[in-house]
Each structure stands twice: as structure tokens, then as C-alpha cells.
Amino acid sequence: MRAAVYRRYGGPDVLEIVDLPEPRTHVDSVLVRVRAAGLNAADLSYQAGAMDHTVETFFPVVPGWDIAGVVERAGPAAPEFAPGDEVIGYIRGDVQRAHGGYAEQVAADVRTLFHKPANLSWAQAAALPLGGLTAYQAVRHALAVAPGETLLVHGSGGGVGSLAVQIALATGARVLATASTPDFGYLASLGAEPIAYGPEAAARAIELAPDGVDAVLDAAGRGALADGRGLGGPAVRVASIADFATPGSVPVFARLVHADLAAVVGLAEAGRLTPRVGATYPLRDAAWAQRAMAGGGTRGRVVLEIPG
């Protein structure tokens with residue numbers, strides 16, 4: 001099978017396309033023919049060696065935690081899936097090795113897989129697992145946003161921010177969404193109230209919510225929380241997926257909780273949650289895909305598409 005691997009730490013330039021043996025499967029694992037793989041900022045961080053002091057790494061490494069594909073073989077202890085089933089998966093492991101999603105095939109633990117929502121494209125499905133988990137756990141757990149409350153989302157046009165907007169709206173909350181002006185139409189179509197980035201963002205938010213907001217989610221970083229001080233009272237709840245240094249903000253790190261990802265998949269199946277895909281690349285251009293993700297400006301997730 002073809003896969004993108006790195007044999008040493010570095011940036012996108014260390015990725016190379018190689019042939020690897022078909023992955024082996026255990027009794028409780030599933031062999032998946034990958035149709036699309038979502039890129040995450042964590043891919044670049046791990047690839048650069050930032051986690052070398054905490055995560056065992058065995059080269060060559062196939063990066064990628066988010067996949068969508070078709071089951072080719074299921075172990076006898078994985079009766080939930082059968083050949084031909086369309087699935088998505090969050091396949092992050094505790095060890096970095098040749099088992100990631102930037103490949104034509106992957107062997108995945110049955111506990112990491114879910115049936116793919118039929119109404120999502122392959123690229124959209126591959127953009128759902130980690131982004132959906134992060135957004136769901138931020139909105140529903142870290143911030144505990146309730147119906148009728150007002151949530152301010154910074155970075156609402158991005159892969160995670162746009163999912164957080166949709167999850168909050170599905171909860172019955174009002175959403176104010178800071179974004180660049182080209183994203184205003186998209187956010188308004190979701191039901192959010194867009195606000196332009198910049199020094200006037202806080203003033204505009206106060207105009208829209210003169211009594212303050214109930215919660216703030218920072219999916220942007222870059223000082224967004226500091227710029228937005230004063231938008232809520234002393235009881236305002238604040239969480240961030242990007243800025244872990246601001247006092248009073250709860251850091252959000254996604255973890256695979258089966259019930260949470262099941263809820264995310266359910267929202268997608270109901271048509272209430274659609275991942276935003278900003279750019280797609282073929283597997284052979286995985287390095288260029290990483291460069292595009294690192295450069296920003298894609299207005300959504302970057303995804304590798306792999307023909308079946």
C-alpha cells in the first residue's frame with residue numbers, strides 16, 4: 001500500500017511517499033481502505049518532535065488521526081462492522097508508528113470506529129472526528145452551554161470553530177461569531193451572528209449582547225481572549241483550544257469518549273453538523289497539504305483524498 005511517512009523529525013519536507021506492507025489486524029481490529037484523511041495541527045507538532053519527551057516514536061511514522069473509509073476486513077471480536085461498511089475513525093494511538101491515516105489502508109481498533117454519516121462526503125467525514133470531539137467537549141462539557149445562553153466563538157470560520165458554532169446552535173444557544181469578513185455569509189447561513197476580527201470586535205459584541213455573554217470559546221488564539229475582556233460578567237465561562245496561558249480560561253484537549261463521538265455523529269446524521277472542508281489534496285501531495293494547513297487561510301479543514 002502507498003503511504004506518506006517520515007523517518008526523522010521535521011516539517012512537511014520530511015514526508016515521503018513509500019510502499020508499505022498491508023497492515024496486520026488483530027481479533028478486535030478492522031482493516032479499513034482509507035478514502036480520506038483529515039489533517040490536524042497536532043500532525044505537524046508530533047512530526048516536528050515536540051512530543052518526543054512524552055510519546056514513544058518508532059520510525060517510519062505514518063501521521064494522521066482522522067480517517068473515513070471502507071471496511072475490508074473485520075476481526076472476529078469486531079462484529080459491529082463487516083466488509084463494505086463505510087466508517088469514520090479517530091485512530092490516535094499512544095505510540096507513533098506506521099499506523100496513521102495518511103495511507104491507503106489502516107488497521108484500526110474497533111473502539112475507534114463509527115459508521116459514516118451517509119449525508120457527508122468522504123472529505124467531510126474525515127474532517128469530523130477530532131474536530132467534532134474538540135468542539136463538542138468544549139461546548140457541552142468545558143463550557144456547559146445551555147439553551148437560551150449566549151456563546152461567543154473566536155475563530156468561528158475554522159475547522160473546529162465552525163463545528164462549535166453548529167453544536168451550540170443545535171443546543172439552543174445564541175452564537176456570536178468572530179471571523180474574517182469573507183466568512184460572514186457562511187456563518188450567517190448557519191444561524192450565527194458574525195462579528196469582524198479586529199479592535200472593534202469587543203464593542204460590536206457588546207452592542208449585540210449588552211448584558212454580556214454567558215460563555216466564550218477561543219478557537220483562534222493570537223490574543224483573542226485578551227482582546228475580548230469585559231464581554232461578560234464575573235460569572236462568564238471561558239475555554240480555549242488554542243491559548244492555555246490566559247488566567248481563568250479552561251484548556252480543552254480532546255479525548256476519545258465514545259458517547260461524545262457518538263453524539264457528534266448523531267448530529268451529523270441529523271443534518272445539524274457539517275464539517276467545513278477548506279482544501280483537499282491527493283495522497284501524493286501530503287507535504288503540500290501540510291504546508292497549506294500550516295499557512296492558514298484555508299477556511300476549514302485540509303483533507304487528503306485517496307481514490308478507492
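**View 1. Helix 6 lies across strand 11 and strand 12.** In this predicted model, helix 6 (residues 201-208) runs at about 150° to strand 12 and lies across that strand and strand 11 (174-179). Helices (H or I, at least four residues) and strands (E, at least two) are DSSP runs, numbered from the N terminus. Axes are lines fitted to C-alpha atoms, for helices over the stretch in contact, with angles from 0 to 180 degrees between N-to-C directions. Residues are numbered from 1 along each chain as its sequence is written. Local features in this predicted model need pLDDT of at least 70, side-chain atom pairs count only at pLDDT 80 or more, and totals for chains, interfaces and linings use all residues, while side-chain values use heavy atoms and leave out hydrogens and water.

**View 2. Six strands make an open parallel sheet.** Follow the strands in the order 12-11-10-13-14-15; two strands pair if DSSP finds at least two bridges between them. Strand 12 (193-196) and strand 15 (250-251) stand at the edges with a single partner strand each, so one side of each has no neighbour in the sheet. Strand 10 (residues 150-154) pairs with strand 13 (residues 215-218) in the parallel sense over four bridges, and here L151 stands opposite A215.

**View 3. L151 sits in the largest nonpolar core.** This core has 87 residues, and Y102 and L151 have the most contacts inside it. Such a core is a set of buried Ala, Val, Leu, Ile, Met, Phe, Trp, Tyr and Cys residues joined through side-chain atoms within 4.5 Å. Helix 4 (residues 159-171) gives the largest share of this core, seven residues. Apart from it lies another core, of eleven residues, including I195 and A205. Among the residues that L151 touches (heavy atoms within 4.5 Å) are V139, A168, L176 and V216.

**View 4. Helix 3 meets helix 8.** The axes of helix 3 (residues 129-142) and helix 8 (residues 258-269) come within 9 Å and cross at roughly 105°. The two helices are therefore roughly perpendicular (65 to 115 degrees) to each other. From helix 3, P129, G132, L133, Y136, Q137 and H141 meet D260, L261, A263 and V264 in helix 8.

**View 5. A144 and R299 have positive phi.** A144, in the loop between helix 3 and strand 10, has phi near 50°. At 43% relative accessibility, A144 is partly exposed (between buried, under 20%, and exposed, over 50%, with a 1.4 Å probe and protein chains only). R299 has a phi of about 55° and is partly exposed at 39%.

Key. Angles under 35 degrees count as roughly parallel, over 145 as roughly antiparallel, 65 to 115 as roughly perpendicular and the rest as oblique. Lists of a residue's contacts leave out its neighbours within four places in sequence.
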